[in-house]
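Please open the model in your viewer and keep the selection tool ready, since this tour moves from one stop to the next by residue number.

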Amino acid sequence: EKKCYLGTEKRVKLEREFFLCVFCLLAALLPPASSCPAPCLCSSDGLVVDCGGRGLSSLPPLHLLPQGSRSLLLANNKLASLGASAFANLSSLEELDLSNNYLDNLPGGLFRDMSNLTRLTLHNNSLTVMDRELFQSLDLSLNGLSSVPLGLLDELQSLRWLSLAGNRLHGLERAAFEPLANLQHLELGQNPWECDCNLRDFKHWMEWLLYRGGKVDAVECTLPKDLRGRDIRGVPVEMFNYCLQLEDENGGGEGGGGGGEPQSDCVRARYRPVSVRRAIGTVVIAGVVCGIVCIMMVAAAAYGCIYASLMAKYQRELKKRQPLMGDGEADGEDREEKQISSVA
C-alpha cells in the first residue's frame, strides 16, 4: 500500500510539472495582453487612448500605451508644461488632442518622433511659443495670440486646415502665410481685426486663397468705425488706395503687415497688392463687351451687304425699264403732231 501511495504521489507530481510546462509554453506563444496607462481608458482594439477630463497635471506613463495606438486624447486636464521628450517613440500616433489645458509654450522637437501625426488640437490654451513641425491640421483657436511672426509657418507646407479663431489678432503679415501652399481651410473669426493698411496685403492673400478654391470664414472689422461689423472680404479694394499715398509720403518705408515694420525691397516686390478676383472679373467683363461689339460689327456688315445687293438689283431693273419708257414717249409725240396737222 505504501508503494502504491508513493507511486500515486509521484505520478501526480509529474502531472503537475507537465501541466506547468504546458502553461508556460502557451503563455510564451500567446501575444501579450495590451496594457493601458492609468487612469486612461483604451478602446478594445487599443487604437484610441482617452485620458481626457482626468484632472492630470502631468502626463500618464505613455510607455504603457497599447502598441499601434493612433489617437491620444489629453483634453480638459491641467497640463501646464511638456518635456521635450514627452512624446518620444510614439510614431504610430496620428491624432493628439491637448485642448483645454494650461500650456503656455511647446518646446522645440516635441513632436519630432511623431512621424505619422496629422491632426494636432491645441485650442483653448495660453500658447505664445510653439514648435514648427509638419502637420495637415492645426487648431490654435482660443489661445490669446496677438500676432503670427514671420517664419513661424515656414515649415508647415503640408498644412491644409488652420484655425486662429478666438484670439487677439488685430492684423496679419501676408508673408507669414505665403509658405502655406496647400492650405484649404482657414478660420479667423472672433478676432478684433483692424481693417486698415496693415491688413491690406493679407486681404489680397485671402482673395488669392479663395480664388484657388480655399475657404475662409468671416473676418469682421472692429476698426475703423465706418467699417465696424463689415466683413473685410466684401470691402472694395479701392478703399485701400490711400495706403499707396501714405507709402509714397513715407518713402515706401512702411510695409503692409500687422506690425508696421519696414520691409526690404525684395519682400515688397514679391508681395505686390494685386486683387486676383477683381482682375479676373475685369477680364471677363472686357471679354463680354468685346464679344457684343464683334456681334454688332458682324450684324452691321451683313446689313450693309444685304442693302448693297438690293440696291444693285433695283438699279438693274430700273435700267431695263428706261428703253420701254422712251418708246412710249416717242409714239405719244407722233400722235400729237398728227392731231395738230389735221386741225390745221
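In which loop is the place of Pro-39? Select Pro-39 in this predicted model, and you will find this proline in the loop between helix 1 (2-29) and strand 1 (41-42). The peptide bond that leads into this proline from Ala-38 is cis, with omega near 5°. A second stop of this kind is Pro-224, which lies in the loop between strand 11 (221-223) and helix 4 (241-249), and which is joined to Leu-223 by a cis peptide bond with omega of about -5°.

Next, turn to the interior and select Leu-72, Phe-87, Leu-96, Leu-162, Phe-177 and Leu-188, the residues that touch the most other members of the largest nonpolar core, which has 59 residues in total. Helix 2 (174-177) and helix 3 (200-211) are the elements that give two or more residues to this core, and helix 3 gives the most, with 4 residues. To look at one of these hubs by itself, centre the view on Leu-72 and, leaving aside its neighbours within four places in sequence, show its contacts, which are Val-49, Cys-51, Leu-62, Leu-65, Phe-87, Leu-93, Glu-95, Leu-96 and Asp-97.

Now move to Asn-125, which is found in the loop between strand 5 (119-121) and strand 6 (137-139). Is this asparagine buried or exposed? Asn-125 counts as buried because its relative accessible area is 5%, and the cut-off for buried is under 20%. If you display distances from its side chain, the backbone oxygen of Leu-122 is reached at 2.9 Å, and the backbone oxygen of His-123 at 3.5 Å. Beyond its neighbours within four places in sequence, Asn-125 is in contact with Leu-98, Ser-99, Asn-100, Asn-101, Tyr-102, Leu-103, Leu-142 and Asn-143.

From that list, select Leu-142, whose place is in the loop between strand 6 and strand 7 (161-163). Although Leu-142 is not a glycine, its phi is positive, at about 55°, and with 39% relative accessibility this leucine counts as partly exposed.

For the last stop, go to Gln-190, in the loop between strand 8 (185-187) and strand 9 (193-194). Gln-190 likewise has a positive phi without being a glycine, here of about 60°. How does its accessibility class come out, buried or exposed? Gln-190 is exposed, because its relative accessible area is 69% and the class begins over 50%.

Technical notes: Residues numbered from 1 in each chain as written. Predicted model: local features only at pLDDT ≥ 70, side-chain atom pairs only at ≥ 80, totals over all residues. Heavy atoms only, no water. Core = buried A, V, L, I, M, F, W, Y, C linked by side-chain atoms within 4.5 Å. Buried < 20%, exposed > 50% of the residue type's maximum accessible area, 1.4 Å probe, protein only. Contact = heavy atoms within 4.5 Å. Polar contact = N/O pair within 3.5 Å; in protein donor to acceptor, adjacent residues only side chain to side chain.
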